[in-house]
Amino acid sequence: MKRNWFRVALVLASLALALPVAAHHSFAMFDFSKTMTLKGTVTEFRWTNPHVALLVQLDAQPGAAPEVWSMELTSPGNLTRGGWTRHSFKPGDRIELVFNPLRDGKHGGAFDKATILETGQVISSDLRAAEKPGIE
Amino acid sequence: MSLRQRTVRRNLMEGALTAAFLAGSILLSGIAACEPAVVNAPPQPKDWSALASLPDWSGVWTPNMTDQERRIRTDPVPWDKAAAAQITKLEAAEKAGDPKGLFINCLPESMPSWMLITHNALEFLFTPGRVTILGESDGNRLRRIYTDGRHHPDDPDPTFHGHSVGHWEGDTLVVDTVGILPETYIAVSEAVGVPNNGDLHVIEHMHLDKPDVLRDDLEVIAPHVLTKPWKTSRFLFRQRGRKYDIVEGVCLQGNYSESKDADGNAAFVPVPQTEGGNYLPPNH
């Protein structure tokens with residue numbers, strides 16, 4: 001059992017290393033050992049440097065009011081190279097969101113991936129995938 | 001006062017004015033003789049042609065971030081005792097999930113941190129007498145490296161990227177940089193680094209390690225925070241896909257969302273952030 005937990009920890013550690021890291025500040029305030037998957041509705045998609053932001057009103061959990069959470073991503077330039085555009089999300093999109101939350105419990109997180117529920121399109125970002133030359 | 005007295009007085013005043021004018025002219029010409037104006041000569045066709053014999057560094061270059069992190073371990077920074085104590089604290093804070101954001105004020109990462117820790121693309125422009133490095137995010141960083149044979153100024157105004165002069169040794173660009181603001185960080189991550197505290201000197205040797213891999217060998221001489229020069233290397237990958245074209249990146253833009261003001265104009269409105277610079281939703 002202990003060995004299994006060790007393996008899980010190793011996988012999580014390697015995933016954390018593979019995640020996109022922001023340009024002008026550390027991402028250490030996000031808890032990459034925790035992954036949350038929640039459904040919600042896009043309220044705003046900010047295509048700005050140095051970090052793109054995706055604001056999502058998460059569906060209300062039982063006994064709680066709906067909450068808006070802010071997801072942080074890398075820069076528009078880096079996302080463009082991953083196939084993103086400033087229209088990748090639009091307000092009103094229903095999505096399933098996978099993210100790593102802020103450690104302090106505030107309503108923010110590091111974006112991992114999202115599925116647009118209407119189309120099934122999965123949108124993700126992996127900055128480390130660009131660590132080679134000659135990418136078309 | 002008689003007419004003769006007035007005439008003599010006027011002549012004396014005119015003489016004094018003429019003497020003062022002549023003295024001033026001689027003084028100014030003396031200064032000009034000491035420090036003749038330096039003019040950047042217009043490039044000639046041969047100067048443009050000479051660029052064709054330089055190695056091809058065209059395209060957009062993306063950093064090898066994994067290697068940046070690996071080299072912090074393989075090429076450890078020779079911090080002095082005081083700096084090492086600060087680094088230990090900063091590393092512990094980052095590890096605990098409470099990182100100190102060295103660059104969240106949007107001031108430039110500066111030299112040499114830009115070359116050491118950037119996660120963003122950059123490009124090289126060759127023009128007669130100069131190599132220019134343009135960065136992408138965080139304010140479209142810019143380095144001007146003069147290759148026209150000039151020397152550093154005796155007392156350069158300190159700047160974030162310093163004063164750089166370079167020359168070619170075969171296919172290697174050798175760059176010498178001084179005049180960097182003492183407040184700027186020698187950083188090993190966005191959350192770990194110390195101010196260079198002055199007298200910083202950076203020597204770089206840049207060359208193509210492989211046809212599409214650029215290597216920058218850096219020697220960082222920082223006598224107020226390092227016990228000896230720190231030698232390390234950084235690598236960049238060449239991209240020619242058009243989606244890699246450099247785009248504008250204004251760091252402070254991220255502090256605002258696009259909204260409307262009271263008059264209905266398109267306007268930037270501040271967005272809430274954590275102390276560490278992370279975005280928060282409205283009414284968090």
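**Chain architecture, interface and nonpolar cores**

Along its sequence, chain A of this predicted model follows the pattern α-β-β-β-α-β-β-β. Its secondary structure amounts to 2 helices and 6 strands, where helices (H or I, at least four residues) and strands (E, at least two) are DSSP runs numbered from the N terminus. Residues are numbered from 1 along each chain as its sequence is written, and chains are lettered from A and ligands numbered from 1 in the order in which they are written. Because the model is predicted, local features need pLDDT of at least 70 and side-chain atom pairs count only at pLDDT 80 or more, while totals for chains, interfaces and linings use all residues.

Of the 136 residues in chain A, 40% are buried; a buried residue has 20 or more other C-beta atoms within 10 Å of its own, an exposed one 12 or fewer, and a partly exposed one a number in between, with C-beta atoms placed from the backbone. Among the contacts in chain A with a separation of 6 or more, 55% join residues 24 or more positions apart, a contact being a pair of residues whose C-beta atoms, placed from the backbone, lie within 7 Å.

Chain B is divided into domain 1 (1–37), domain 2 (60–244) and domain 3 (250–284), with bounds from an automatic or database domain assignment. The centres of domain 2 and domain 3 of chain B, taken over C-alpha atoms, are 30 Å apart.

Between the chains, 46 residues of chain B are in contact with 39 residues of chain A. On the chain B side, α3 (65–74), α6 (137–140) and β11 (230–239) are the elements that give two or more residues, and β11(B) gives the most, with 3 residues.

The largest nonpolar core (buried Ala, Val, Leu, Ile, Met, Phe, Trp, Tyr and Cys residues joined through C-beta atoms within 7 Å) has 54 residues, and those with the most contacts inside it are A:L54, A:V56, A:M71, B:I186 and B:A187. Domain 2 (60–244) and domain 3 (250–284) of chain B both give residues to this core, so it lies between them. Apart from it lies another core, of 17 residues, including B:L122, B:F124, B:I133 and B:L236. Beyond four places in sequence, the residues that B:I186 touches include B:P112, B:S113, B:V220 and B:V225.

B:H161 is located in the loop between β4 (142–146) and β5 (163–169) of chain B. This residue, B:H161, is buried because 24 other C-beta atoms lie within 10 Å. Neighbours within four places in sequence aside, B:H161 is in contact with B:P108, B:S110, B:M111 and B:R143.

Methods: Contact = placed C-beta atoms within 7 Å.
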